[in-house]
Amino acid sequence: MVKGRQIKIYLADGSVTGIRHAEIMGWTGQALAAPRNRVKELSEWEESQKPGIYFLFGVNEETGNDAVYIGEAEQVFSRIQQHLSGKDFWNEVVCFTNKDENLTKAHVKYLESRLVSLANQANRYELLNGNQPPQAVLPRGDRDVMEEFIANIRILIGALGYRVLEPLVDKVNKLESSNGKSNTLHTLNLKAKKYNAQAIQTDEGIVVLAGSEASITVNASLSKGYTKGRSILIDKGKFKEEGGKLILQEDVLFASPSQASAIILGYACNGLDYWVDHNNMSLKELESQI
């Protein structure tokens, strides 16, 4: 059975956009989040004066994509302060340190390497690290402790609003509810004669899977918002033309079934009717059974 986790977030000035300290109850790790213009205030926080890792979040001005840089330091605050002049893409930093003194340089090097790999696999943000950092060699026991540390970082950074480490679709395509029942995430198919497209509905929306086919042309019935969203996906290389169709190059998250089906087909349509399971039951019918 999946167990719940309790998270405590302290708003230093009562503002959700200011400096925030976050922790998971029962865990020795901790997070500090700060907007770029408040970074110097972190010097007053002893939590930032320790070895740790940090995430710089912003936008790549050349591509327009959400971007992240992941780094490590023996003294986190000093390194982040250096990035005020060295990197200008970012607008917020989230750093992780430990409440005790057991996080060493080797540990944070290991964390950096693993977190860069996870961010690459999740593919939600454009990763601005030039190279994959080498993974520090740790004793087996230390590796296990660091993997647990990473699992908690994933939870806490997600709770702070950044799902940088979360894959769009779970590799095992299975969820377990709080009552212990296993819920398989079924692959959905788009009900369209000319185009073969698959998707999986998740807690965030509907993820259309890489390799799905889409129309090259756009009908006048497609809304301006969906037309713009479609153009952005094409400009970013998410869709590429092959054999008279557009082919999705990677998994893409859409906010709703209708947004996904309309952007793929190029005309307005109700996604609850157009997405069906292997028994040809529509999402509308499936949801009515819940």
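In the predicted model, five strands form an open sheet in the order β16-β12-β11-β10-β17, and their pairing is antiparallel. The edges of this sheet are β16 (252-254) and β17 (275-276), each of which pairs on one side only. Beginning from the β17 edge, strand β10 (residues 187-190) and β17 are held in antiparallel register over 2 bridges, with Leu-190 opposite Trp-275 of β17. On its other side, β10 is joined to β11 by 3 bridges, again with the strands running antiparallel; here Leu-188 stands opposite Ala-199 of β11.

The side chains of β10 alternate along the strand. Leu-188 and Leu-190 point to one face and are buried, whereas Thr-187 and Asn-189 point to the other face and are not buried. Leu-188 thus appears in two settings, as the residue opposite Ala-199 in β11 and as a member of a nonpolar core of 23 residues that also includes Ile-206, Val-252 and Ala-260.

The sheet continues from strand β11 (residues 198-202) to strand β12 (residues 205-208), an antiparallel pair with 4 bridges. A hairpin with 2 residues between the strands connects β11 to β12, and within this pair Gln-201 lies opposite Ile-206 of β12. Ile-206 is also among the residues of the 23-residue core. At the β16 edge, β12 and β16 run antiparallel and are joined by 3 bridges. Val-208 stands opposite Val-252 of β16 in this pairing, and Val-252 is likewise included in the core of 23 residues.

A further open sheet consists of 3 strands in the order β13-β15-β14, with antiparallel pairing. Its edge strands, β13 (213-214) and β14 (239-242), each pair on one side only. Between β14 and strand β15 (residues 245-248), which run antiparallel, there are 4 bridges. Two of the residue pairs can be named: Lys-240 has Ile-247 of β15 as its bridge partner, and Glu-241 has Leu-246 of β15. The two strands form a hairpin with 2 residues between them, and Gly-243 in the turn has a positive phi of about 60 degrees.

The largest nonpolar core of the model comprises 33 residues, among which Phe-55, Phe-96 and Leu-115 touch the most other members. At least two residues of this core are supplied by each of β2 (20-24), β3 (29-35), β4 (52-59), β5 (66-73), β6 (90-98), α2 (105-122) and α3 (140-159). The largest share, 7 residues, comes from α2. The core of 23 residues described above is separate from this one. In soluble globular proteins, nonpolar side chains tend to be buried together.

Phe-96 illustrates how distant parts of the sequence meet in the model. Leaving aside residues up to four places away in sequence, Phe-96 touches Trp-27, Gln-30, Ala-31, Pro-51, Gly-52, Ile-53, Phe-55, Ile-153, Leu-156 and Ile-157. One of these contacts, Phe-55, is itself among the three residues that touch the most other members of the 33-residue core.

Helix α2 has 18 residues and spans 26 Å from its first C-alpha to its last, close to the 26 Å expected at 1.5 Å a residue. The buried residues of α2 are His-107, Val-108, Tyr-110, Leu-111, Glu-112, Ser-113, Arg-114, Leu-115, Val-116, Leu-118, Ala-119 and Ala-122. This list contains the polar or charged residues His-107, Glu-112, Ser-113 and Arg-114 as well as Leu-115, a residue already noted for its contacts within the largest core. The buried residues of the helix pack against β4, β5, β7 (126-127) and α3. Asn-123 follows α2 and has a positive phi, near 60 degrees.

Arg-38 lies in the loop between β3 and β4. The side chain of Arg-38 makes polar contacts with two acidic side chains, that of Asp-13 at 3.1 Å and that of Glu-41 at 2.5 Å. When residues up to four places away in sequence are not counted, Arg-38 touches Asp-13, Gly-18 and Ile-19.

Key
Residues are numbered from 1 along each chain as its sequence is written. This is a predicted model: local features need pLDDT of at least 70, side-chain atom pairs count only at pLDDT 80 or more; totals for chains, interfaces and linings use all residues. Side-chain values use heavy atoms; hydrogens and water are left out. A nonpolar core is a set of buried Ala, Val, Leu, Ile, Met, Phe, Trp, Tyr and Cys residues joined through side-chain atoms within 4.5 Å. Buried means under 20% relative accessible area, exposed over 50%, partly exposed in between (1.4 Å probe, protein chains only). Contact means heavy atoms within 4.5 Å. The expected span of a helix is 1.5 Å times one less than its number of residues. Two strands pair if DSSP finds at least two bridges between them. A polar contact is a pair of N or O atoms within 3.5 Å; within protein, one must be able to donate a hydrogen and the other to accept it, and residues adjacent in sequence count only if both atoms are side-chain atoms.
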